[in-house]
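Here are a few exercises to work through with the model open beside you. Try each task before you read its solution.

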Amino acid sequence: MPERNIRVEPIDRRAVDDQEIEIVERKGIGHPDSICDGVAERVSQALAQTYIDRVGKVLHYNTDETQLAAGNAAPAFGGGEVVQPIYLLIVGRATKKYEGETIPVETIALQAARDYLQEHFPELNLGSDIVVDVRLGEGSGDLQTVFGESGAEIPLANDTSFGVGHAPFTETERIVIETERRLREEFAADNPALGPDIKIMGKREGDVIDLTVAAAAVDRYISGIDEYTSLIDAIGDFTETVALDHTDRAVNVYVNTADNVEAGSIYLTVTGTSAEQGDDGSVGRGNRANGLITPNRSMSMEATSGKNPVNHIGKIYNLLSTEIAHDVVEQVAGIRDLRIRLLSQIGRPIDEPHVADAHVVTADGVTVDEIETQVIERIDEGLANVTAITGRVIDGKLSTF
C-alpha cells in the first residue's frame, strides 16, 4: 500500500449555505454544449468497449473536442421546419491500428453518435435536421507510451492536472439538478411539447431562492399561443413543486423570461433544442462532472466528457474527487462543507496523486483535528479503488455532465 500525500485543513470561507448569495446553473441535455458532452461521452464509451472486445484493453483515444455549429429553423404552431441543418463534428484522437489489426474508429464514432441522438432527441431527424461528421487523428506517440504501459496494475497519469469535487450539495444545488431531471423525465413524459433543452439558473439570496427556467417548446405539439402559455404555466408550477420538495425557503419561479407574447416572440422550436437556431456548442463549456455549474465552489476547467477513462486525469480525478467528497460526508459525522482536490503528475501512478487535498467546514462543536484521521482514511480508500472508475464510465454508470 503506497504512502499517499493526503492533507486536511479548514476551508478559507464560510459554508456555501451560510453565504448570502449563491448561484447554481445546470444546462440540460438538450443544450448545445450538453449535446456535445453527451455525444463525446457516448463515442468514448463505444471506442473503449470496442478496444476491449477486439484487443482486450482500452487503447489510447480522446474525443473531448467535439463541436456543434447551430443550424437555422422556421418554427410554427402545428409544426415548422429546419431550414439549415445543425452540424456536429466529432473531433479527437484514436488508435486506428494495433498489432496488425485495423479498427474502424470513425465508423464506430458515427454510429455511437447517431444512437445517442436518436435516444435523447426524438424530434431531431438524423436524415435532414443534423449532419454528423467525424475527424479522429492518431494520438501523440509519447502519450501513447504513458498510456499503454503493459503489465502495470495502476495506469500512469497522462497529464499534470487536477480534479475537484465537493459535498454535500446545498438545497439550491439539489433543486437545480433535480428540476432539470424531473422536467425532462416526468413532466415531458406527459407533456411532449417540452423539448430536452432545459436550462435552470438558481439564485439564492438569503432565504429566497429564484429559479429561472429556459424551456424549449416543440412546435408540432402546440396549436397556438394559448397552448404555449398554458405549457409555460405548467412548467412553472411543476418547478415550484420540485423545489419545495427540497427546501422550506421561499421560492420564486420564472419561465422563458425573454418571451414577448404580445409581439409573438416566444421560445418555440422545431426540434426541442436551441441548436437549431444560432446556438453553438462545445464539449466542456457546460456542466462540470457533478452535473452543475457552481461559481460559489472551486471548479476544474477540464472537460470531463469524451476523455479516455483509463489514465486521463481531466476525467478520472474530477469524477473521483466528487465521489470521494460525497463518501466522506456520508461516512464522517460533523462536516457541513467539504472540498476535495486531487493533483496529478504526468507519468505517476493515478492512485498516488501529487497531493490529495481536503478542505473542511465543520459543524459547531466539531474540530478538524477530531475528524482528520477519518477523512484521510476515506480519501485513501477512494484512491486505492481509483481503477473502478474506468469500468463504471465505460458501462455508462457515471455521468460526466
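**Exercise 1: the cores**

The largest nonpolar core holds 38 residues, and V39, Y51 and L117 have the most contacts inside it. α1 (32-55), β7 (86-94), α2 (105-120) and β10 (130-137) each give this core at least two residues.

A few ground rules. This is a predicted model, where local features need pLDDT of at least 70 and side-chain atom pairs count only at pLDDT 80 or more, while totals for chains, interfaces and linings use all residues. Residues are numbered from 1 along each chain as its sequence is written, and side-chain values use heavy atoms, leaving out hydrogens and water.

*Task.* Find which residues V39 touches, not counting residues up to four places away in sequence.

*Solution.*
- Step 1: Get the terms straight. A nonpolar core is a set of buried Ala, Val, Leu, Ile, Met, Phe, Trp, Tyr and Cys residues joined through side-chain atoms within 4.5 Å. Buried means under 20% relative accessible area, exposed over 50%, and partly exposed in between (1.4 Å probe, protein chains only). Contact means heavy atoms within 4.5 Å. Helices (H or I, at least four residues) and strands (E, at least two) are DSSP runs numbered from the N terminus.
- Step 2: With residues up to four places away left out, V39 touches L88, I90, A113, Y116 and L117.
- Step 3: Look apart from this core for another one, of 32 residues, among them V8, A325, V328 and L338.

**Exercise 2: the partners of β7**

*Task.* Work out in which sense, parallel or antiparallel, β7 and β10 pair, then look at β3 and β4.

*Solution.*
- Step 1: Two strands pair if DSSP finds at least two bridges between them.
- Step 2: β7 and β10 are parallel, with eight bridges; V91 stands opposite R135 in β10.
- Step 3: Strand β3 (residues 61-62) pairs with β7 in the antiparallel sense over two bridges, and N62 has R93 as its bridge partner.
- Step 4: Strand β4 (residues 67-69) also runs antiparallel to β7, joined by three bridges. There, A69 has Y87 as its bridge partner.

**Exercise 3: two positive phi angles**

*Task.* Decide whether E99 is buried or exposed, and do likewise for N256.

*Solution.*
- Step 1: E99 is not a glycine, yet its phi is positive, about 50 degrees. Find E99 in the loop between β8 (97-98) and β9 (101-102).
- Step 2: E99 counts as exposed because its relative accessibility is 71%.
- Step 3: N256, also not a glycine, has a positive phi near 50 degrees. Its place is the loop between β14 (250-255) and β15 (268-269).
- Step 4: N256 has 7% relative accessibility, so this one counts as buried.

**Exercise 4: along α4**

*Task.* Find where the kink in α4 is centred, and what covers the buried residues of the helix.

*Solution.*
- Step 1: Start just before the helix. A cis peptide bond joins A167 and P168, with omega about -10 degrees, and P168 is in the loop between β11 (162-167) and α4 (171-190).
- Step 2: The kink is about 40 degrees and centred on L183. The bend at a residue is the angle between axes fitted to the seven residues ending there and the seven starting there.
- Step 3: Buried residues of α4 include I175, V176, L183 and F187. Their cover includes β2 (21-27), β11, β12 (194-205), β13 (208-218) and α5 (225-244).
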